[in-house]
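Me: I have a structure open and would like to go through it with you, one piece at a time. Could you keep the answers plain and tied to what the atoms show?

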Amino acid sequence: RSHLPPNGKVMGGSELGFALGFQPYLIDDRFLGYLSGIRPDVFVENEYYGGGGPGWVASREILQTQYHLVLQNKAYNVYVRNQDSGSDSRPK
């Protein structure tokens with residue numbers, strides 16, 4: 001929560017709803033908006049957000065170029081969007 005700006009979006013597994021609340025700003029999308037085009041402010045990756053298909057490859061590239069790792073533990077990797085990556089976290 002500390003990295004989430006006002007009106008920001010979080011992408012991660014649905015289990016995050018228990019910690020963050022089941023709110024519209026929480027989106028379950030393991031491919032980091034590959035299909036939806038939504039770019040969240042915070043991306044939370046767990047063991048189930050693993051590889052497979054073009055969506056996974058694209059999400060790895062997006063993570064490497066537009067996000068930076070702020071927390072890593074056995075359960076999660078938490079990435080925050082870089083300041084210079086734009087502010088289009090909402091669908092157009």
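Me: Let me start with a single residue: is Asn77 buried or exposed?
Reply: Bearing in mind that this is a predicted model, Asn77 counts as buried, because its relative accessibility is 16% and the cut-off for buried is under 20%.

Me: Where does Asn77 lie?
Reply: Asn77 belongs to strand β5, which covers residues 77-81.

Me: And what is Asn77 in contact with, leaving aside its neighbours within four places in sequence?
Reply: With those neighbours left aside, the contacts of Asn77 are Phe43, Val44, Glu45, Leu69, Leu71 and Gln72. For Val44, the C-alpha atoms lie 5.8 Å apart in space, although the two residues are 33 residues apart in sequence.

Me: Which residue shares a side-chain polar contact with Asn77?
Reply: That is Gln72, whose side chain is joined to the side chain of Asn77 by a polar contact of 3.3 Å.

Me: OK, what about the rest of β5, how many of its residues are buried?
Reply: Five of the five residues in β5 are buried, so the strand is mostly covered by the definition of buried as under 20% relative accessible area. In a regular strand, side chains alternate between the two faces of the sheet. In β5 both faces are covered, with Asn77, Tyr79 and Arg81 buried on one side and Val78 and Val80 buried on the other.

Me: Which way does β3 run relative to β5, parallel or antiparallel?
Reply: Strand β3, residues 42-45, runs antiparallel to β5, and four bridges join the two. Within that pairing, Val42 stands opposite Val80 of β5.

Me: And how many bridges join β4 to β5?
Reply: Five bridges join strand β4, residues 67-72, to β5, and these two strands also run antiparallel. Leu71 has Val78 as its bridge partner in β5, and β4 and β5 form a hairpin with four residues between them.

Me: Stepping back, what is the order of the strands in the sheet?
Reply: The sheet is open, has five strands with mixed pairing, and follows the order β2-β1-β3-β5-β4. Its edge strands are β2, residues 26-27, and β4, each of which pairs on one side only.

Me: In what sense do β1 and β2 pair?
Reply: Strand β1, residues 10-11, pairs with β2 in the parallel sense over two bridges, and Met11 has Ile27 as its bridge partner in β2.

Me: How do the elements run from the N terminus on?
Reply: They run β-α-β-β-α-β-β, that is, two helices and five strands.

Me: Changing topic, how many salt bridges does the structure hold?
Reply: The structure holds one salt bridge. Arg60 forms it with Glu45, and the closest N and O atoms are 2.4 Å apart. The pair links distant parts of the chain, with Arg60 in helix α2 (residues 53-66) and Glu45 in strand β3, 15 residues apart.

Me: Are those two residues, Arg60 and Glu45, buried or exposed?
Reply: Both Arg60 and Glu45 are buried.

Me: While we are in α2, what is Ser59 in contact with beyond its neighbours within four places in sequence?
Reply: Ser59, which lies in helix α2, is in contact with Arg30, Phe31 and Leu32 once those neighbours are left aside. Ser59 counts as buried because its relative accessibility is 0%.

Me: Now aromatics: how many pairs are there?
Reply: The structure holds two aromatic pairs. In one of them, the ring centres of Phe18 and Phe22 are 5.1 Å apart and the planes stand at 85 degrees, so the pair is edge-to-face. Phe18 and Phe22 are both exposed.
Phe43 and Tyr79 form a tilted pair, with 6.5 Å from centre to centre and 40 degrees between the planes. That pair links distant parts of the chain, Phe43 being in strand β3 and Tyr79 in strand β5, 36 residues apart. Phe43 and Tyr79 are both buried.

Me: Last one, what share of the residues in the whole protein is buried?
Reply: Buried residues make up 42% of the 92 residues. The protein exposes about 5700 Å², of which carbon and sulfur atoms supply 54%. Among contacts with a separation of 6 or more, 47% are between residues 24 or more positions apart.

Note on methods: Residues numbered from 1 in each chain as written. Predicted model: local features only at pLDDT ≥ 70, side-chain atom pairs only at ≥ 80, totals over all residues. Heavy atoms only, no water. Buried < 20%, exposed > 50% of the residue type's maximum accessible area, 1.4 Å probe, protein only. Contact = heavy atoms within 4.5 Å. Areas by Shrake-Rupley, 256 points an atom, 1.4 Å probe, with all protein chains shown as cover. Polar contact = N/O pair within 3.5 Å; in protein donor to acceptor, adjacent residues only side chain to side chain. Pairing = 2+ DSSP bridges. Salt bridge = Lys/Arg side-chain N within 4 Å of Asp/Glu carboxyl O. Phe/Tyr/Trp six-rings, centres within 6.5 Å; stacked < 30°, edge-to-face > 60°.
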